[in-house]
Amino acid sequence: MQKRYKGIAWWGWAAAAALYVGVTAAAVEFAWDRAIDALAGVGAHRLDLYSASLKSELGRFEMMPALVARQDSVRALLKASEHDAEASPHDAQASPHDAQASPHDANASPHDANASPHDAPDLTHTVDTYLEAVNRDAGSGAVDVIDARGSVIAASNWNQPVSFVGTNVSYRPYFQDALAHGSGRFFGIGTNTGIPGLYFASVVRDGGKAIGAAAVKVSVDALESAWRMPGEAAMVVDGNGVIVISTEPEWKFTALRAMTAQQQHDIQASRQYAGRTVEALAHRRVGDWNAVAWLGVFPDLRRAGRTARYLVMSRPAPQGGDTIMVLLDTAGARRQQRVAFLFVTGAFLIAALYALYAVQRRRTIAEKLNAQDALRRANDQLETTVAQRTAALTSANERMQREIAERERTEQRLRATQQEVVHAGKLAVLGQMAAGLTHELNQPLVAIRTLCDNARTFFERNQPAQALANLERIGRLVDSMAVLTGELKTFARKPDIERVAVSLAEAVSHARLIYESRIRDEAVRLDVRIPPGTTVYAESSQLQQVIVNLLGNALDAVRDASTRVITINASDASEPDSHGRVRFTIDDSGSGIAPDMLAHLFEPFVTTKPRGQGLGLGLAITSRIVEGFGAKISATNLDDGGARFTIEFAAAEPQRTEHGR
């Protein structure tokens with residue numbers, strides 16, 4: 001006989017387990033592949049951005065040495081230095097080792113340094129001040145002029161505590177490449193300042209003969225700050241595999257591969273990293289993803305002392321033989337794997353429960369048939385059972401009477417408690433109403449303060465016309481505040497509204513004035529698209545209050561959004577399909593309105609704001625005002641995010657003045 005568990009044969013459970021393992025493995029692998037592919041797309045985009053920024057940031061400095069080398073004063077200073085060197089051959093034979101003087105010696109003035117032309121102090125000062133101006137205008141780190149022996153004879157920092165004048169850089173590859181090939185490029189740490197940077201150099205020629213070089217040093221700190229992203233690392237690796245630019249400071253000047261003895265010797269000879277030995281970065285490659293991406297384990301970017309797995313993508317840098325690399329954390333892909341695992345597991349659990357339910361249902365039917373047989377046997381004992389049940393019912397009735405009395409006492413205590421809760425609720429509503437009214441009055445008060453300050457400035461400038469215009473605006477704001485304080489009464493009693501033709505653009509302009517400072521301070525882009533001459537039937541001050549309420553809600557909605565855009569539109573009533581109505585909308589780029597709130601949004605004391613920040617009467621009052629205009633207000637969520645409030649007004653002809661008749 002086959003072994004069974006829960007009514008199902010063992011081979012059925014075994015088949016279900018095998019199917020579960022296979023489907024789960026496939027789902028987890030599919031989730032991983034899809035997540036890593038998406039991550040690779042992000043990495044390719046990052047590499048495009050970093051390559052463009054590297055080309056833009058460093059490309060503008062690459063031509064600076066050649067431009068400096070073309071200056072007649074620079075060429076004249078190098079010729080004078082060459083003449084002095086020929087006149088003093090003993091000094092010209094100074095070795096690079098001797099030229100690596102201490103920073104104190106390197107701070108000597110151009111007139112005291114061995115490489116300075118003793119017979120041209122005015123020319124030296126002219127070139128120094130020229131280089132200082134070029135460095136200041138370009139925003140580079142330093143600009144130098146170097147003679148053929150490798151001595152800096154003029155520098156932009158000639159008058160600074162740490163000056164490059166007098167420093168010998170003949171051992172630097174950028175100087176050697178400039179004399180040999182016309183230009184040089186080199187990343188290293190400054191021997192005087194200890195600050196890393198990128199050096200560009202260009203040869204200075206006189207009649208086809210190389211008489212020196214011009215060099216510029218560029219800092220990469222701004223580039224590293226711009227590349228810094230959470231959960232990512234970006235870096236530039238030179239031809240030796242050394243990280244020279246990195247968003248992770250601890251990784252700078254470490255190598256991604258083992259350094260040979262010759263490479264270490266060359267680095268020490270050029271003093272590229274100010275004498276420090278290049279160590280290897282602790283990492284390992286765990287697999288290839290595609291031709292341009294691989295998976296590796298690196299030190300964790302967020303937790304010191306730990307490691308994490310990253311998708312590594314690289315691309316040749318636009319200048320030189322360097323490589324741009326970006327590391328993307330694969331934690332999101334692992335989360336996708338867990339989600340896929342949980343989804344498949346949940347589906348199989350549901351299927352297993354359904355199978356167990358079917359087996360249990362079949363068993364229940366069999367038991368019901370058996371129960372019918374037992375019922376027939378129980379009929380013989382019916383008389384005894386009736387007597388027992390009667391006694392049980394009597395006892396139960398007594399217990400029920402006691403429970404009824406207890407429930408009546410409980411209801412009396414409940415009614416007393418409810419009265420206390422209602423009283424507490426009233427006090428809470430009064431507090432919310434006071435907070436909401438303070439919030440609604442705050443914006444006009446801020447606008448009044450701003451207009452008062454502007455009016456005082458206009459009076460001081462003897463501009464009474466502008467000052468009077470500000471005072472008129474203040475008067476209108478005071479009127480709107482008076483209307484605002486009457487809104488609570490409006491909420492309880494529907495007032496009589498005299499509908500007239502009101503300019504929709506003027507009402508929007510009034511609301512924009514109230515929130516002008518907030519729009520500017522919170523960097524909100526406000527787009528207003530109202531056809532000229534659009535008028536609607538409304539009451540002027542109350543229409544302004546409606547737009548102020550809706551615009552304030554829109555500003556609250558976009559306060560924490562990454563993109564802050566508010567769009568105000570109005571349809572043209574002259575269009576054939578308008579039916580004499582003006583459709584007015586206010587859209588925001590916020591997070592939208594919760595679906596369960598949409599149906600109750602215009603009810604009293606319903607608010608989406610945190611406790612203490614909203615009274616819950618603003619939209620309810622707005623709805624009553626709009627209904628008093630004979631208009632209709634509604635709210636929806638936009639497909640691409642955000643909310644839209646729509647008011648359909650009755651269109652009106654603009655009022656004509658007596659003069660225009």
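How many bridges join strand 8 to strand 9? In this predicted model, three bridges join strand 8, residues 232–237, to strand 9, and the two strands run antiparallel. Within this pair, Met-235 has Ser-246 of strand 9 as its bridge partner.

## The six-stranded sheet and helix 1

Strands 8 and 9 belong to an open sheet of six strands, whose order is 9-8-15-14-13-12 and whose pairing is antiparallel. Its edges are strand 9 (243–246) and strand 12 (284–290); each has a single partner strand, so one side of each lacks a neighbour in the sheet. On average, neighbouring strands of this sheet are turned by 30° against each other, direction ignored.

Helix 1 lies across strands of this sheet, namely strand 8, strand 9, strand 12, strand 13 (293–299), strand 14 (307–316) and strand 15 (323–329). Relative to strand 15, helix 1 runs at about 145°.

## The packing of helix 1 and helix 11

Two packed helices are described by the angle between their axes and by the distance between those axes. For helix 1 (residues 10–62) and helix 11 (residues 331–378), the angle is about 155° and the axes are 8 Å apart. Helix 1 is therefore roughly antiparallel to helix 11. The crossing of helix 1 and helix 11 is right-handed.

Helix 1 contributes to this contact with residues including Trp-13, Leu-19, Tyr-20, Val-28 and Trp-32, while helix 11 contributes residues including Arg-334, Gln-337, Phe-341, Thr-345 and Leu-356. Sorted by class, the contact of helix 1 with helix 11 comprises 17 nonpolar, four polar and one charged residues.

## The five-stranded sheet

A further open sheet has five strands in the order 4-3-7-6-5, and the pairing is antiparallel. Strand 4 (152–155) and strand 5 (183–189) stand at the edges of this sheet; each has a single partner strand, so one side of each is left without a neighbour there. From one strand to the next, the twist averages 25°.

The following table sets out three of the strand pairs, with one residue pairing for each.

| Strand pair | Bridges | One residue pairing |
|---|---|---|
| Strand 5 and strand 6 | seven bridges | Ser-183 with Ser-202 in strand 6 |
| Strand 3 and strand 7 | six bridges | Asp-147 opposite Gly-212 in strand 7 |
| Strand 6 and strand 7 | nine bridges | Tyr-199 with Lys-217 in strand 7 |

Further pairings can be placed along strand 6. Ile-189 stands opposite Pro-196 in strand 6, and Val-203 stands opposite Ala-213 in strand 7. The hairpin of strand 6 and strand 7 has two residues between the strands, and in this hairpin Gly-207 takes a positive phi near 65°.

Are the residues of strand 7 mostly buried or exposed? Eight of the ten residues of strand 7 are buried, so strand 7 is largely enclosed by the rest of the structure. Strand 6 (residues 196–206) is mostly covered as well, with nine of its eleven residues buried.

Helix 8 (residues 173–181) lies across strand 3 (142–147), strand 5, strand 6 and strand 7 (209–218). The angle between helix 8 and strand 5 is about 175°.

## Leu-78 and its contacts

Which residues does Leu-78 touch, not counting residues up to four places away in sequence? They are Val-145, Ile-146, Asp-147, Ile-153, Val-204, Ile-211, Gly-212 and Ala-213. Leu-78 itself is placed in helix 3, residues 72–87. Its relative accessible area is 0%, and Leu-78 is therefore buried, the cut-off being under 20%.

Among the residues touched by Leu-78 are Asp-147 and Gly-212, which stand opposite each other in the pairing described above. Ala-213 lies 135 residues from Leu-78 along the chain, yet the C-alpha atoms of these residues are separated by 8.9 Å.

## Ser-623 in helix 19

Ser-623 has its place in helix 19, which covers residues 618–628. With a relative accessibility of 10%, Ser-623 counts as buried, because buried means under 20%. When neighbours within four places in sequence are left aside, Ser-623 is in contact with Phe-602 and Ile-633.

Technical notes
Residues are numbered from 1 along each chain as its sequence is written. This is a predicted model: local features need pLDDT of at least 70, side-chain atom pairs count only at pLDDT 80 or more; totals for chains, interfaces and linings use all residues. Side-chain values use heavy atoms; hydrogens and water are left out. Helices (H or I, at least four residues) and strands (E, at least two) are DSSP runs, numbered from the N terminus. Buried means under 20% relative accessible area, exposed over 50%, partly exposed in between (1.4 Å probe, protein chains only). Contact means heavy atoms within 4.5 Å. Axes are lines fitted to C-alpha atoms, for helices over the stretch in contact, and angles run from 0 to 180 degrees between N-to-C directions. Angles under 35 degrees count as roughly parallel, over 145 as roughly antiparallel, 65 to 115 as roughly perpendicular and the rest as oblique. A crossing is left-handed if the near helix is turned anticlockwise from the far one by less than a right angle, and right-handed if clockwise. Ala, Val, Leu, Ile, Met, Phe, Trp, Tyr, Cys and Pro count as nonpolar, Asp, Glu, Lys and Arg as charged, and the others, Gly among them, as polar. Two strands pair if DSSP finds at least two bridges between them.
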